[in-house]
Amino acid sequence: MKRIALLLSALVVGIVIMGISLVDSAQGRTIYFDHNMIASKNLTDHGVIKYHVTGNAHKYNNEINVATKKWNYALGKKVFVQTNSLTDSRLVITKAAITPGLAGVAEINSGVIALNSETMNRYSESKREAVLIHELGHTLGTKDLYLYPEASLRSLFTRATIMGGDYSTHIGKFDADLAKWSLKHTTPVSDSEFNGYRHDPHLYFQKYVV
Ligand SMILES: [Zn+2]
């Protein structure tokens, strides 16, 4: 028992040390990546996320193209690759009547980004693009930083990071490094797990994937 506890704490320390430190210029503080910033899984399959845009979301093609290109550039590799085949895709971007007020939701298990056109229609093109960049960030395994447990960091993240919901269309160094760190410290959803979710008709988002 004691040995396991020791091993676990060594592992936790190891992870913190491996985290990349970042200096926020406004506050001059170093921020370490930690596991409150990431989920357990990401949507990549052999390093790639093939995405499919359903017909009802074609009106967001511009924003989707720009957002995926910006992520690929920030990550330094072509992670997001478009496919015309729904069955070949790991991620479906679709329009859906989700919770009013929300612009978009990312569901990682079965790979769905649902966009709420009622909210999106009220947004400028750059704000719609920011929504796409944020939701795509979730598919790389990152969590919402506006929910980060520590209050002062949470407030900083909310003001200054994409995953904190700052509606920026620029993927800065913090966001890019966090996404790379997340891809290293989360597990790609396995084929069997992914297919199980995608073909589960009871899963909330599946009714929107047409
Ligand atoms: Zn989010």
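Is Asp-177 buried or exposed? Asp-177 is buried, with a relative accessible area of 9%; here buried means under 20% relative accessible area, exposed over 50% and partly exposed in between (1.4 Å probe, protein chains only). Keep that residue in mind, as it returns in point 5.

1. **Ground rules.** This is a predicted model, in which local features need pLDDT of at least 70 and side-chain atom pairs count only at pLDDT 80 or more, while totals for chains, interfaces and linings use all residues. Residues are numbered from 1 along each chain as its sequence is written, and side-chain values use heavy atoms, with hydrogens and water left out.

2. **The overall picture.** The protein has 7 helices and 9 strands; helices (H or I, at least four residues) and strands (E, at least two) are DSSP runs, numbered from the N terminus. Of its 210 residues, 48% count as buried. The exposed surface comes to about 10,800 Å², and carbon and sulfur atoms supply 57% of it; such areas come from the Shrake-Rupley method with a 1.4 Å probe, and for residues only the protein chains shown count as cover. Among contacts (heavy atoms within 4.5 Å) between residues at least 6 apart in sequence, 67% join residues at least 24 apart.

3. **The nonpolar core.** In soluble globular proteins, nonpolar side chains tend to be buried together. A nonpolar core is a set of buried Ala, Val, Leu, Ile, Met, Phe, Trp, Tyr and Cys residues joined through side-chain atoms within 4.5 Å. In this model the largest one has 46 residues, and those with the most contacts inside it are Trp-71, Phe-80, Leu-91, Ile-93 and Leu-140. Elements giving two or more residues to this core include β4 (49–53), α2 (61–75), β6 (91–95) and α4 (125–139), but α6 gives the most, with 6 residues. Look at Leu-91 as an example: leaving aside neighbours within four places in sequence, its contacts include Leu-43, Ile-49, Phe-80, Ile-113 and Leu-136.

4. **The zinc site.** Which residues coordinate the zinc ion? They are His-134 (NE2), His-138 (NE2) and Asp-144 (OD), at 1.9 to 2.1 Å. Donors are N, O and S atoms within 2.8 Å of the metal (3.2 Å for Na, K and Ca), and water is not among the atoms, so sites may look incomplete. Along the chain, the donors follow the spacing H-x3-H-x5-D. Both histidines lie in helix α4, 4 residues apart, about one turn of the helix. His-134 is buried at 9% relative accessible area, and His-138 also counts as buried, at 10%.

5. **Helix α6 and its partner α2.** The 13 residues of α6 should span 18 Å at 1.5 Å a residue, and the end C-alpha atoms are indeed 18 Å apart; the expected span is 1.5 Å times one less than the number of residues. Here Asp-177 returns, forming a salt bridge with Lys-173, with the closest N and O atoms 2.7 Å apart. A salt bridge is a side-chain nitrogen of Lys or Arg within 4 Å of a carboxyl oxygen of Asp or Glu. Because Asp-177 and Lys-173 are 4 residues apart in α6, about one helical turn separates them. Lys-173, by contrast with its buried partner, is exposed, at 58%. Also in α6 is the buried residue Ala-179, whose C-alpha atom is separated by 7.6 Å from that of Leu-75, although the two are 104 residues apart along the chain. Leu-75 is found in helix α2 and is buried at 7%.

6. **Salt bridges across the chain.** The whole structure holds 6 salt bridges. In one of them, Glu-129 and Lys-70 meet at 2.7 Å, N to O. Glu-129 lies in α4 and Lys-70 in α2, so the pair ties together parts that are 59 residues apart in sequence. Glu-129 counts as buried at 10%, while Lys-70 is partly exposed at 29%. Another bridge joins Asp-88 and Lys-50 (3.1 Å, N to O).

7. **Two residues to check.** Most residues other than glycine have a negative phi. His-46 has a positive phi, near 50°; its place is in the loop between β3 (41–42) and β4, and it is exposed at 77%. Tyr-167 also has a positive phi, near 60°. Its place is in the loop between α5 and α6, and Tyr-167 counts as partly exposed, at 43%.
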